[in-house]
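Subject: Structure handover

Hello,

Here is the structure for you to load. My notes on what turned up follow below it.

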Amino acid sequence: MSPVIALALLVTVIVTSFISGVFGMAGGLILMAALTALLPVATAMVVHGAVQIVSNGYRAILWRKFIDWRIFRRYALGSIAAIALLFLVSWRPEATAVYILLAAAAFTVWIPKAWIDIDVQRPGQAEFAGFALQAMNTLAGVTGPLLDIFFARTEMDRRAVVATKAVTQVLAHLVKIAFWGAALFASAADSLLPPLWFFAAALPLSMLGTTLGGKLLERMTDIDFRFWMRWLVTAVGVFMLIRAAGWL
């Protein structure tokens, strides 16, 4: 990886961490779009997972008093089932398929809430979310908009939503690194990974962006929170469709 690309990705890391600090999602989707534009899919997945673990983990620490651990435990049960299935099947999509999956994930923010009756607080739905979203995150790299659907009808406020989603995403990205990292190292393509100094710089930048984003989150209303999240994610979805079509 050239120093220019590495520096460009570092700028992307702090910007997307800031966005994630505000919305609890979207930043990861944008970072995935940038990484897949510059790196092979397997490498992008591992790098994205490493950065997002820090971003989500630090966000979970910042908002730890708002985490709903009961929902997380139920979510983790579904994730375990998905993990077992993924490693059994061992299918890894090519770049174009990843772009389409990312676009599909983005456009789910436009599904009318009246069409779905999903609430992660209800019996069985956190487990289903863990299974479905773990599979999606491992294969496409992100699940932010899909994850939001499960929290849209809850009675949790924006801080509880952001905090609980953050801790579920730490688990999701750990699995993603293991899944794609196994293929990366088995093919001896690990030389495509960024240098160590990139990760050394990316981790504190991710924490800084998350901290600054959290400050903006405190000042936003729930209405503004959902409005800006929807349009931001939609723009990324359009970009990923353009990439899938080969126009970029």
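Does leucine 88 count as buried or exposed, and at what relative accessibility? Leucine 88 comes out at 69% relative accessibility. The cut-off for exposed is over 50%, so leucine 88 counts as exposed. Bear in mind that this is a predicted model.

Nonpolar patch

Leucine 88 sits in helix α4. Leu88 also helps to make a nonpolar surface patch of about 530 Å². The other residues in that patch are Leu85, Val89, Trp91 and Phe131. Helix α4 spans residues 69-89 and gives the most to the patch, with three residues.

Salt bridges

Searching the whole structure turned up two salt bridges.

One pairs glutamate 127 with arginine 74. Their closest N and O atoms are 3.2 Å apart. Glutamate 127 belongs to helix α6 (residues 125-140) and arginine 74 to helix α4, so this pair ties together parts that lie 53 residues apart in sequence. Arginine 74 has a relative accessible area of 12%, so it is buried. Glutamate 127 is at 24% relative accessibility and therefore counts as partly exposed.

The other pairs arginine 159 with aspartate 157. Here the closest N and O atoms are 2.9 Å apart. Arginine 159 is partly exposed, at a relative accessible area of 24%. Aspartate 157 is partly exposed too, with 26%.

Over to you.

Best wishes

Definitions and conventions. Residues numbered from 1 in each chain as written. Predicted model: local features only at pLDDT ≥ 70, side-chain atom pairs only at ≥ 80, totals over all residues. Heavy atoms only, no water. Patch = residues over 30% accessible without salt bridge, like charges linked within 9 Å, V, L, I, M, F, W, Y side chains within 5 Å. Areas by Shrake-Rupley, 256 points an atom, 1.4 Å probe, with all protein chains shown as cover. Salt bridge = Lys/Arg side-chain N within 4 Å of Asp/Glu carboxyl O. Helix = DSSP H or I, 4+ residues; strand = E, 2+ residues; numbered from the N terminus. Buried < 20%, exposed > 50% of the residue type's maximum accessible area, 1.4 Å probe, protein only.
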